[in-house]
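The following exercises are intended for a reader who is new to this structure. Each task is followed by a solution in steps.

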Amino acid sequence: MDTRPTESTTSQMQEPLARARRPRTRWLEWGLLSAALLAGVVALGCSRSLEHIDLALTDQLTRLGRQAVSPDIVIVAIDDKSLSEIGLWPWRRAFHAALLDRITPAGPRAVGLDLILVEPGRDHAVDDALLGEAIARNGKVVLPLLLMDRHGTGQLTRTDPAPELASAAAAIGHVHLEIDNDGIVRSTFLREGDGAQWWDQFAVALLRVGGFALPEPLPGERAPPPKSPDAWQRDHWMQIPFAGPPGSFPRVSYVDVLRGQVPPEQFAGKYVLVGAVAAGMGDAYATPRSGQSELMDGVEIAANVMNALLLDQRLERANAWQNALFSVVPVGLALLAVLLLAPTASLLASAALLIATVVAAALAPSVAGLQFAPSAALLGVLLAYPLWVWRRLRAALGYLLEEFRRMETRRDLPTMLPAARSGDLLDRHINALQNASEQLRNLHRFVSETLNSLPDATLIADASGHVLAGNQAAYQYFSRQKVARLRGYPLGELLRGVHRTGTQQPVFDMERLHHATQPWGAEARDAAGRDLLVRFVPCFNTDGQTTSWITSLVDITPIREAERQRDVALRFISHDMRSPQASILALLEVQRMNPQQPMRPETLGRIERHARRTLDLAEEFVQLARAESSTYRLDTVDLVDLLDEAVDEVWPQAQAQRVNLLVVRPDAPALCEADRGLLTRAIANLLGNAVKYGGEGTEVLCAVHAATGGWRVSITDQGPGMTPEQQQRLFQQFARLDPEHSATRGVGLGLVFVRTVIERHGARIEVISQPGHGTTFHFTLAASPHLP
């Protein structure tokens, strides 16, 4: 015997090993992907490679909120109204002196003249003196220091205010702002210098003059010392937390203050900034809060810096390790989500992490004073799901293609068309999937048609005993229980009325179904009295676990009926046929022992009776067998003719018993569809019984009457009648109602023959009898649809 493993056996042996390797492979792939993605995210976050995207994104997030505005800041704006009423710029410095004289009596904390006053006045030299005196009278005026890159080399040079004005000012502060590569102002240095001297930022200088206690050292990121001591130096790099869009701080018009139309208390205890806001007047910059190409004037940027220092609104750009941590957390969570959650859940988790990252980046400036670079984190979260899904799909596709190739080479399944080898890789994969899909459909149809072609009721149930599918024979069988849908139906409910033969024990055993690993079953009988052979066969997966059960119900009623008929036939042959034959042989043996003595007439009579009895037995048995197994040839016949033929056949017997046969005929032909020979024999049997049991000198009434939809045939005798118990045994095989006269009254097959013939004609034989009042047999046949 060949003991080499077959291809299917080898496949089943390899499948558990492959299944055990898959989790390890999945964890390894996930670890490699996580390491690569996290490393890339950290590198992007630390290197600021996505700085342009980060800045644009943080600008958009900044616009979602507003910072608090200090009530101690007010701007005196050189606006379009002032220009139209005073005249074109530049104005005489005497106007600025008059403005200061209007503000000074109100008692401001400090006044910042954010005006470029770097050259002495030439046309009105006296105005410098007037302005200087006004500055001195105020005592808290800060003037700007202008820093310019004159040759575009990045080397800054300072331009001081006019000497007469600078000497009168309380402080001088630089107004230099950092412009990022995208042209937007987001930061400034709070201190700048040339190596020998340091100048505070304009807003810092105002706060110092106003007596505000600034922290030491100043906030902001410390800058490394320059390589050359003569180079321009900067320190305390501060990100400006803009309070809002342009126009967020209180403003009054320059000309209104000059005319005394602004109440003095509006400047009391305030930091007053004087600067140009009219279009085309001077320094205006794009800021994160500008929007729609709206620029912010330098004086308002100074107000934002001052506001942040007054309210201690600190804002710093996150350093490399902070950005790396900010990026690693959501990306790591996204990687865990794609590993542990279902695809849809992991997709929703990734979307939630994207939203959470954006929200965290938006809240971080106000909560922690840090401005993170979220692009690396967002990119990592966006890539985690598609990369992992791509890798898993690639693994699944590779597994499916391998399985498809194995299916192509299997010899125990219907042949599947080979995958097309032409086209690119995707085309070949699509063709392979198409072939596999058609193969699965063909297999499904093959299994369905095979199941439906089974002649016996067959059910497929899951491991818990609920029906998954059933064939047509099963639907036909259980339709008698009013079960229209088998799927999902419990087997225990379907087989509730099926019990083991000879007992009341149900054939279905749920406990055995849960624990059995071998086929089992039993012979049973259902509520309708049908004999069944019920079998339960388990189906296993490759791990040897029971996944489903195949239940078959084989109707063996015909087999059992044939066995019972065989037993009857054997009993008939061994007893009823054998007994008269043995009696004949015994009588012949007695005669052979006395050969000289002639056979007496009474011995011949006994032999004749036994022979006739044997012939009658054989004839009745043959007639019954023919009635049960023959194919009936139905013709249009007249029941009156059949009755007359039966009467003629029984006439000699009736004459011998001196029984008068009375026939009642209808006026019209009693046409019906019948097998002439068998139905005539059945009527003759009924007449013979009536003559036999009616008694000598009686009458037997034979009648054909019109009935609803047909014709009724009745045979009535004047015999002793029957009890209800006798009527119940009347149509049983070999039943003798009067055993004492069994030698002359048949063997009990005549009425069985009558019942069989009548039922095969679609009718029912009925009996009406009472002890002492005779017996009536009658049946009704449908009228023939054919015209006479």
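Helices are DSSP runs of H or I with at least four residues, numbered from the N terminus. With that term fixed, it can be said that helix H10 (residues 320–340) gives the most to the nonpolar patch, with 6 residues. The model used throughout is predicted.

**Exercise 1. The nonpolar patch**

Task: State which residues make the nonpolar surface patch, and decide whether Leu333 is buried, partly exposed or exposed.

Solution.
- Step 1. The patch covers about 840 Å² and is made by Trp27, Trp321, Leu325, Val329, Leu333, Leu336, Leu340 and Leu341.
- Step 2. Leu333 is located in helix H10.
- Step 3. Partly exposed residues lie between the limits of 20% and 50% relative accessible area. Leu333 has a relative accessibility of 44%, and therefore counts as partly exposed.

**Exercise 2. Strand S19 and its partners**

Task: Determine which side chains of strand S19 are buried, and which residues stand opposite Ala524.

Solution.
- Step 1. In a regular strand, side chains alternate between the two faces of the sheet.
- Step 2. Strand S19 (residues 520–525) shows such an alternation: Trp520, Ala522 and Ala524 point to one face and are buried, whereas Gly521, Glu523 and Arg525 point to the other and are not buried.
- Step 3. Strand S18 (residues 499–500) runs antiparallel to S19 and is joined to it by 2 bridges. Ala524 of S19 is the bridge partner of Arg500.
- Step 4. Strand S20 (residues 531–540) also pairs with S19 in the antiparallel sense, over 6 bridges. Here Leu532 of S20 stands opposite Ala524.
- Step 5. S19 and S20 form a hairpin with 5 residues between the strands, in which Gly529 takes a positive phi near 85°.

**Exercise 3. Aromatic pairs**

Task: Explain why the pair of Trp199 and Trp232 is classed as stacked, and why the pair of Tyr477 and Phe478 is classed as edge-to-face.

Solution.
- Step 1. The whole structure holds 10 aromatic pairs.
- Step 2. The ring centres of Trp199 and Trp232 are 6.2 Å apart and the planes stand at 5°, so this pair is stacked.
- Step 3. Trp199 belongs to strand S8 (residues 198–200), and Trp232 to the loop between helix H7 (202–209) and strand S9 (233–239); the pair therefore ties together parts that are 33 residues apart in sequence.
- Step 4. With a relative accessibility of 7%, Trp199 counts as buried; Trp232, at 17%, also counts as buried.
- Step 5. For Tyr477 and Phe478, the ring centres are 4.9 Å apart and the planes stand at 85°, so the pair is edge-to-face. Both Tyr477 and Phe478 are buried.
- Step 6. Ring pairs also link Trp89, Trp91, Phe95 and Tyr254 into a cluster.

**Exercise 4. Surroundings of two residues**

Task: For Asn307 and for Phe779, establish whether the residue is buried or exposed, and name contacts beyond four places in sequence.

Solution.
- Step 1. Asn307 is placed in helix H9 (residues 298–310). Its relative accessibility is 0%, so Asn307 counts as buried.
- Step 2. Beyond its neighbours within four places in sequence, Asn307 is in contact with Ala68, Val69, Ser70, Ile73, Ala243, Phe249 and Gln313.
- Step 3. Phe779 is placed in strand S28 (residues 775–782). With a relative accessible area of 2%, Phe779 is buried.
- Step 4. Apart from neighbours within four places in sequence, the contacts of Phe779 include Leu679, Ile683, Leu686, Trp711 and Ile758.
- Step 5. Ile715 is 64 residues from Phe779 along the chain, and the C-alpha atoms of these residues are separated by 9.5 Å.

How values were computed: Residues are numbered from 1 along each chain as its sequence is written. This is a predicted model: local features need pLDDT of at least 70, side-chain atom pairs count only at pLDDT 80 or more; totals for chains, interfaces and linings use all residues. Side-chain values use heavy atoms; hydrogens and water are left out. Buried means under 20% relative accessible area, exposed over 50%, partly exposed in between (1.4 Å probe, protein chains only). Contact means heavy atoms within 4.5 Å. Two strands pair if DSSP finds at least two bridges between them. Patches are made of residues with over 30% relative accessible area and no salt bridge: like charges are joined within 9 Å, nonpolar side chains (Val, Leu, Ile, Met, Phe, Trp, Tyr) within 5 Å. Accessible areas come from the Shrake-Rupley method with a 1.4 Å probe; for residues, only the protein chains shown count as cover. A salt bridge is a side-chain nitrogen of Lys or Arg within 4 Å of a carboxyl oxygen of Asp or Glu. Rings of Phe, Tyr and Trp (its six-membered ring) pair if their centres lie within 6.5 Å; planes under 30 degrees apart count as stacked, over 60 as edge-to-face and the rest as tilted.
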